[in-house]
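Here are my comments for a colleague who is starting out with structures of this kind. Please keep the picture open while reading, and take the points in order.

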Amino acid sequence: MRPERVSEIIRAAYADKRNSLYEHEAKELCGLFGLPVTKGSVVNSEDKAIEAARKIGFPVVLKIVSPQILHKSDVGGVIINLTTEQEVRTGYNKILSNVKEKRPDAKVEGIFVQEMAPSSTEVIVGATKDPTFGFTVMFGIGGIFVEILKDVSFRLVPITRPDAIDMIHEIKSYKILEGARGMPKADESALVDTLLSTSNMLVECPEIKELDMNPVLIYEKGAKVVDARIILEEPKA
Ligand code: ADP
Ligand code: MG
């Protein structure tokens with residue numbers, strides 16, 4: 001059984017004629033399945049952005065919220081590491097002017113103020129759906145390992161704990177997670193839990209067509225999902 005709030009989030013997107021969730025909606029949904037997402041809120045003014053930042057605690061990250069913008073940093077829609085109220089004010093306006101310049105057609109719904117996660121090894125957890133076989137969950141280490149070397153592992157959903165462990169161990173760049181070259185040793189059990197929660201979310205949410213948590217930051221203790229994108233199936237008539 002899934003929480004009623006999951007259906008509310010999905011229904012609201014469909015009612016809005018969107019087939020993708022905003023990042024804050026995708027993160028709320030992920031959070032309902034136990035995934036460790038960053039906290040934050042969407043605001044519509046500089047003053048509210050500052051209020052939100054105070055509540056979250058500095059430093060914060062600001063991101064554009066727009067139905068037309070799925071790749072936010074491509075349009076200057078992400079500013080990280082804002083450490084003061086003045087930086088939040090400047091950053092807020094900078095994002096709006098970047099988006100106005102690069103995507104004048106985009107409708108701006110607000111600015112997502114969120115907790116800044118300390119930098120660490122970035123991993124990617126994603127999922128795609130095949131009409132016959134259903135969801136496949138994907139795991140890899142961010143940056144060149146995924147983009148250039150395509151060093152990723154896949155499993156059909158649902159996955160078991162041993163499947164999740166295998167997925168993590170079988171990528172060629174696994175040594176990075178073990179702490180090679182001065183990288184912090186990754187909390188493997190947090191990664192396993194992330195993969196299992198993701199699998200469970202996919203089982204419970206047939207409305208999802210595509211999922212992309214990119215990146216998930218992995219620490220010596222714990223993990224943090226700092227970006228989440230969810231594409232929905234066409235609504236049923
Ligand atoms: P995009 O839509 O372009 O993928 P992201 O939300 O992934 O935008 O942000 C771009 C980059 O900024 C991320 O890959 C990550 O390195 C960094 N980042 C984003 N959000 C946070 C956060 N809350 N804490 C720390 N770093 C972040
Ligand atoms: Mg991203």
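1. A definition is needed before the ligand can be discussed: a polar contact is a pair of N or O atoms within 3.5 Å. With that cut-off in hand, consider Glu122, where an N or O atom of the side chain lies 3.0 Å from an oxygen atom of ligand 1. Please keep in mind throughout that this is a predicted model.

2. The surroundings of ligand 1 deserve a fuller look. There are 19 residues around ligand 1, and those that come nearest are Lys63, Lys72, Ser73, Glu115 and Ala117. Two of these residues also appear in pairs that involve the protein backbone: a polar backbone atom of Lys72 is 2.8 Å from an oxygen atom of ligand 1, while a polar backbone atom of Glu115 is 2.8 Å from a nitrogen atom of ligand 1.

3. Turning to the helices, how do α1 and α2 lie with respect to each other? Helix α1, which covers residues 4–15, packs with helix α2, residues 23–32, at an angle of about 160°, and the two axes are 10 Å apart. Angles over 145 degrees count as roughly antiparallel, and α1 and α2 are therefore described as roughly antiparallel to each other. Their crossing is left-handed. On the side of α1 the contact is made by Arg5, Val6, Ile9 and Ile10, and on the side of α2 by Glu25, Glu28, Leu29 and Leu32. Sorted by class, this contact has five nonpolar and three charged residues, with no polar ones.

4. A second pair is formed by α3 and helix α4 (residues 85–102), whose axes come within 9 Å and cross at roughly 135°. The two helices are therefore oblique to each other, and their crossing is right-handed. Here Glu46, Asp47, Ala49, Ile50, Ala53 and Arg54 of α3 meet Glu85, Val88, Arg89, Tyr92 and Asn93 of α4. By class, the contact of α3 with α4 comprises five nonpolar, one polar and five charged residues.

5. The third pair is helix α6 (residues 161–170) with helix α8 (residues 188–204), where the axes cross at roughly 120° and come within 9 Å. That angle makes α6 oblique to α8, and α6 passes α8 in a right-handed crossing. From α6 the contact involves Arg161, Ala164, Ile165, Met167, Ile168 and His169, and from α8 it involves Glu188, Leu191, Val192, Asp193, Leu195 and Leu196. The classes in this contact are eight nonpolar, one polar and three charged residues.

6. Some details of the backbone should be checked by eye. Most peptide bonds are trans, and most residues other than glycine have a negative phi. Which residues does a cis peptide bond join? One such bond joins Phe58 and Pro59, with omega about -5°, and Pro59 lies in the loop between α3 (46–56) and β3 (60–65). Another cis peptide bond joins Asn214 and Pro215, with omega about 5°, and Pro215 is found in strand β9, which spans residues 208–218.

7. A last backbone detail concerns Lys17, which is not a glycine and yet has a positive phi, with a value near 60°. Lys17 has its place in the loop between α1 and β1 (20–21).

Technical notes:
Residues are numbered from 1 along each chain as its sequence is written. Chains are lettered from A and ligands numbered from 1 in the order in which they are written. This is a predicted model: local features need pLDDT of at least 70, side-chain atom pairs count only at pLDDT 80 or more; totals for chains, interfaces and linings use all residues. Side-chain values use heavy atoms; hydrogens and water are left out. Axes are lines fitted to C-alpha atoms, for helices over the stretch in contact, and angles run from 0 to 180 degrees between N-to-C directions. Helices (H or I, at least four residues) and strands (E, at least two) are DSSP runs, numbered from the N terminus. Angles under 35 degrees count as roughly parallel, over 145 as roughly antiparallel, 65 to 115 as roughly perpendicular and the rest as oblique. A crossing is left-handed if the near helix is turned anticlockwise from the far one by less than a right angle, and right-handed if clockwise. Contact means heavy atoms within 4.5 Å. Ala, Val, Leu, Ile, Met, Phe, Trp, Tyr, Cys and Pro count as nonpolar, Asp, Glu, Lys and Arg as charged, and the others, Gly among them, as polar. A residue is near a molecule or strand if one of its heavy atoms lies within 4 Å of it. A polar contact is a pair of N or O atoms within 3.5 Å; within protein, one must be able to donate a hydrogen and the other to accept it, and residues adjacent in sequence count only if both atoms are side-chain atoms.
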